[in-house]
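Reader: I would like to go through this model one question at a time. Please give the cut-offs behind each term as it comes up.

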Amino acid sequence: MESLLWQWNHGMRRGLCLFLALTFVLCSSGIWERQVQAETAAPEAEWQQAMALLDEIEADRERTFTYQGETFLLREGLTHANTFLRGTDDYDPFCTALMEAQLAQSAEMGELFLKAAKLLNAYAVKQGYDNYLAYSASQYGMPGDISQLSQRIAQSLPMTVRFLYMRGGWLLKPVEAEGIIDIPAFWSQAARMYGKLSPEYQELVEELAAGDKLVVQKVDALTVNSEVVFSGMNMVHVLVSYRDELEFTMMAMHELGHYLHWKCVPEPDASAYYSIIETHSTAGALLCAKDMEVYFRQLLDGQDGAFATLRYLTELIQNLPGVLMCYSFLQDVLTDPDAYEPEDLAPLYLEKSLAFGFDGGFSQAYQLMQGASWTSEAVWLGKPGYLAAYGQGYLHSLWMWYQQAQGIDMTVAYNRLLQTAIPDLPLEMFCRQMGLPGLTDDEAFEGLDDFVYGTLSDLYREVYQEDPL
């Protein structure tokens, strides 16, 4: 049997991409939480039944399999193989058993998902939409067809997206991320960083840190829910959950962007444009990136400081590959679930990933392990519109970060965006008013990939002493 053609970092990637993606997707402004509550309260039986099926899919991520009498979590199998079995006679037999278990899971989860897709489409039709994909996109302020967004990301950030896909294992090495961040003191650092964008922000962050509206909690769980919740009368509560201290820094800076918007807008948002809401948080965290690098390099010596900076930046935009691949996969399945059988989903996901150049390095014998990994993206299945909104928010934020690096002061533009209540206007019109480029503006995005990938790859070389791709 052929062995996996899989480098160490590739071996970590799939399990850790899930680990990181689940962290970031659940970092929200609190609006999503209220939207979910509203939707799940819908009386339509199709919606309730579909949510029950998606809950089953979510629970199945804890599935185990047994090899030679020992039980392993399915999602951790490849990491175990590459850590403990590489170069031994057990490597290929273990990987064969792992793939068989993954394909069985894919078929069983696929049956549930195809049933859910049909129910969701029936629900969407009742709401006046052609299918659930269009309905979900509209709920998050996105057009039903995001092909223009996908095309822009693929054209303008090809190396960045490939880097994020292939080098996603930032949680293992080389820094032991415990006992390095003084979390209470970090809020003062964060206040000063955001204070460079506006003195008002420093005061607001200091007020938050000194009050009782901030909750910080360390958790030991696969999913982490950090959020900002506005409860009226200008009462804003912030929850920052994290698994390790480096993750905390990204979580904190991200949620502060949401918090500052809620504190600064003079009136409630009239439109749920999630791409703008995510621009508030991601752009703010990126515009503070130079100060974060200084902070990390003062805190940690040499390569460790570079690693902490690299992880901070990559975790902020980790889901960019998912916008391309997962949405493409969901677009096919959700618009025509009758065209597929459960066993078709792993080959379809493999086809989509290879079409975008995401070759994980598997040999021919084991490529379907990559296809079966669609089950790791279960977090997106019920809300593809949110995935698209994140993608556009990333694109806005990276563009603003790039402009800043070119010497163009983004402070005024960011403050205008952050301090403006989101109106009930067409998204494209509001973006133009805020000075954000349109998706068809080729000139605006020229050089973006060179800057973003160049920044990430320089840090990677400093840490690992090799080229990333």
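Reader: Where does Met-410 lie?

Author: This is a predicted model, in which local features need pLDDT of at least 70, side-chain atom pairs count only at pLDDT 80 or more, and totals for chains, interfaces and linings use all residues. Residues are numbered from 1 along each chain as its sequence is written, and side-chain values use heavy atoms, with hydrogens and water left out. Helices (H or I, at least four residues) and strands (E, at least two) are DSSP runs, numbered from the N terminus. On that numbering, Met-410 lies in the loop between α19 and α20 (411-418).

Reader: Is Met-410 buried or exposed?

Author: Buried means under 20% relative accessible area, exposed over 50%, and partly exposed in between (1.4 Å probe, protein chains only). Met-410 has a relative accessible area of 8%, so this residue is buried.

Reader: Which residues is Met-410 in contact with, leaving aside its neighbours within four places in sequence?

Author: Contact means heavy atoms within 4.5 Å. A separate value is the C-alpha separation of Met-410 and Leu-197, which is 8.9 Å for two residues 213 apart along the chain. With neighbours within four places set aside, the contacts of Met-410 are Leu-287, Trp-399, Met-400, Gln-403 and Gln-404.

Reader: How many helices and strands does the chain have?

Author: The chain has 469 residues, and buried residues make up 61% of them. Of the contacts with a separation of 6 or more, 79% are between residues 24 or more positions apart. The count of elements is 23 helices and 5 strands.

Reader: Which residues touch the most other members of the largest nonpolar core?

Author: A nonpolar core is a set of buried Ala, Val, Leu, Ile, Met, Phe, Trp, Tyr and Cys residues joined through side-chain atoms within 4.5 Å. The largest one holds 138 residues, and the two that touch the most other members are Phe-113 and Met-253.

Reader: Which helix gives the most to this core?

Author: The contribution in question is 12 residues. They come from the helix spanning residues 384-405, which is α19.

Reader: Which residues does Phe-113 touch, not counting those up to four places away in sequence?

Author: Phe-113 is one of the two residues that touch the most other members of the largest core. Beyond four places in sequence, Phe-113 touches Leu-54, Ile-57, Leu-330, Val-333, Leu-334, Leu-345, Trp-374 and Leu-381.

Reader: How many disulfides does a search of the whole structure find?

Author: A disulfide is a pair of cysteine sulfur atoms within 2.5 Å. Cys-95 is buried, with a relative accessible area of 0%, and Cys-288 is buried too, at 1%. The number of disulfides found is 0.

Reader: How many salt bridges does the structure hold?

Author: A salt bridge is a side-chain nitrogen of Lys or Arg within 4 Å of a carboxyl oxygen of Asp or Glu. One of them joins Arg-63 and Asp-60, with the closest N and O atoms 3.0 Å apart. Asp-60, Arg-63 and Glu-108 are linked in a network of such bridges. The total for the structure is 21.

Reader: How far apart are the closest N and O atoms of Glu-111 and Lys-115?

Author: Both residues lie in helix α5 (residues 91-126), 4 residues apart, about one turn of the helix. An α-helix has 3.6 residues a turn, so residues three or four places apart point the same way. Glu-111 counts as partly exposed at 41% relative accessibility, and Lys-115 does at 43%. Their salt bridge has its closest N and O atoms at 3.8 Å.

Reader: Are Glu-315 and Arg-311 buried or exposed?

Author: These two residues lie in helix α14 (residues 302-316), and their side chains meet in a salt bridge of 2.6 Å, N to O. The relative accessible area is 3% for Glu-315, which is therefore buried. For Arg-311 the value is 2%, so Arg-311 is likewise buried.

Reader: How many of the 15 residues of α14 are buried?

Author: The expected span of a helix is 1.5 Å times one less than its number of residues. For α14 this gives 21 Å, and the end C-alpha atoms are 22 Å apart, which agrees. The buried residues include Gly-305, Phe-307, Tyr-312 and Leu-316. The helix is mostly covered, and the buried count is 12.
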